[in-house]
Amino acid sequence: MPVENNSTPTEQVTEEKKTTIKKLKEYFILLMVALMGLGNWADTKALSIEAYNGFITNFTNKIEEKKISKLDIGNYLPYAQKQIGIPQVIKTSKIDERYEYRYYKEDKYLLTLINKETRIVAIVVHSLSYDKSLVDDFSPKVPFSNFKLKEHSLEQIVPDSNEFFYDSNNIKYYMQVKQLNAQGMFLNLTSGFSDYTELKGNVAEDLFKLDEVTLMSDEQTLTSPITKKLATNKATFYAISELPSEYIADSLLTKYEFNVYF
C-alpha cells in the first residue's frame, strides 16, 4: 500500500532546499580536503575560510547575523571597524554636527552606525531584498525582543507606540518608537519599513493620506486609523539608540542618495 504524503507544498520545498544545501556542503568539504593535499597549509586555510564564508552567505544568513550581533551601543569605533570594516559613506547629522552617520551596505542589509566622537550611540539595520532562491530573507532578531525583521509587524515589535515618523516623498518610510525598560537599559527601540525594499499593498497611498491629514490637523483621532493600519505592515528595519528618534529619521538616506551611494 503506498504511503500517503501529508506534507504541504511549502514543507516539500523547504525539505528539498535543505537536501540541496546538505549535498552542496558535502561537495564543498571534499573540495577543501583535496585542496589541502595540493598546496601550502596556511594559504589553503585562508582560501578555505574565505570560500566557506562565501558559501554560507549564499545559502544561509548566519555570517551576516553573526557580524551584526557583535555590535552594541557603547562600542568604540576602533572595535566596530575591526568587526565590520570601514564604512562606504559617512554623513554629518543635520540636527547636531557632533554626530556622524556611518553606512555599511551589503547585499542583504544596510547597516548605519551613529557615533558621537568615537562612541557608538545608535545602530540601525535595514533588511534588503536579496534575490537568491536558496536563501530566505535576511530576518535578524530585533534587540531586546523575540521578534524578527520581515516576519513581524511594527505593532508587534513596538506595541502601543504614540510616537511615529514618516515621509511620503524623498523616501517612503514609516516608523514607530518606544522606550525600553530597565532590562533594555532605557534605550529607544524603533521599528519601521521603507522603500529600500518593495512596499506591499497600498502602503504608498496610506503614507500620502497620512501626509494630507497631518497637514490639515495633528488631531490623533484623525491620524490614528491610518497609523494603526500602517503599523500592521512587516518591519524591514529596526534601530536601537540612546538618542531621540529624530536622529534615526535624519539618518535615513533618501531613495536618490541610496541609489547614488550604492
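Two strands count as paired here if DSSP finds at least two bridges between them. Keep that in mind for the tour, and remember that you are looking at a predicted model.

**Start with the pair β6 and β7.** Select strand β6, residues 173-179, together with β7: they run antiparallel and are joined by seven bridges. For a landmark, pick Y173 and look across to S194 in β7, which stands opposite.

**Stay on β7.** Now colour residues 188-194 by accessibility. How many of the residues of β7 are buried? Seven of its seven, so the strand is mostly covered. Show the side chains and you'll see two sets: N188, T190, G192 and S194 point one way, while L189, S191 and F193 point the other, and all are buried.

**Cross to the other neighbour.** Add β8, residues 237-241, which runs antiparallel to β7 with five bridges between them. Click on S191 and then on Y238, its bridge partner in β8.

**Zoom out to the whole sheet.** Show every strand and walk across in the order β1-β2-β3-β4-β8-β7-β6-β5. That is an open sheet of eight strands with antiparallel pairing. Which strands stand at the edges? They are β1 (89-92) and β5 (163-167); each has a single partner strand, so one side of each is left without a neighbour in the sheet. Look along the sheet as well: neighbouring strands are turned against each other by 20 degrees on average, direction ignored.

**Visit the β1 edge.** Select β1 and β2 (residues 99-105), an antiparallel pair held by four bridges. Here T92 stands opposite E100 in β2.

**Bring in the helices on the sheet.** Next, turn on α6, residues 203-216. This helix packs on the sheet and touches β5, β6 and β7, and its direction makes about 110 degrees with that of β5. Then add α7, residues 220-230, and show its buried residues: T223, S224, I226, T227 and L230. What do these buried residues pack against? You'll find β5, β6, β7 and α6 around them. As you turn the helix, recall that an α-helix has 3.6 residues a turn, so residues three or four places apart point the same way.

**Drop into a loop.** Go to K108, in the loop between β2 and β3 (109-116). Is this lysine buried or exposed? K108 has a relative accessible area of 2%, and since buried means under 20%, K108 counts as buried. Put a distance label from its C-alpha to that of D131: the two are 23 residues apart along the chain and 9.3 Å apart in space.

**Move out to the surface.** Select Y256, V260 and Y261, which form a nonpolar patch with about 350 Å² of accessible area together. Y261 is part of helix α9, residues 255-261. Its relative accessibility is 36%, so Y261 counts as partly exposed.

**Finish with the full chain.** Show everything at once: the protein chain has nine helices and eight strands. Of its 262 residues, 44% are buried. With the surface switched on, you are looking at about 15,200 Å² of accessible area, 52% of which belongs to carbon and sulfur atoms. If you draw contacts between residues at least 6 apart in sequence, 58% of them join residues at least 24 apart.

Note on methods: Residues are numbered from 1 along each chain as its sequence is written. This is a predicted model: local features need pLDDT of at least 70, side-chain atom pairs count only at pLDDT 80 or more; totals for chains, interfaces and linings use all residues. Side-chain values use heavy atoms; hydrogens and water are left out. Patches are made of residues with over 30% relative accessible area and no salt bridge: like charges are joined within 9 Å, nonpolar side chains (Val, Leu, Ile, Met, Phe, Trp, Tyr) within 5 Å. Accessible areas come from the Shrake-Rupley method with a 1.4 Å probe; for residues, only the protein chains shown count as cover. A salt bridge is a side-chain nitrogen of Lys or Arg within 4 Å of a carboxyl oxygen of Asp or Glu. Buried means under 20% relative accessible area, exposed over 50%, partly exposed in between (1.4 Å probe, protein chains only). Axes are lines fitted to C-alpha atoms, for helices over the stretch in contact, and angles run from 0 to 180 degrees between N-to-C directions. Contact means heavy atoms within 4.5 Å.
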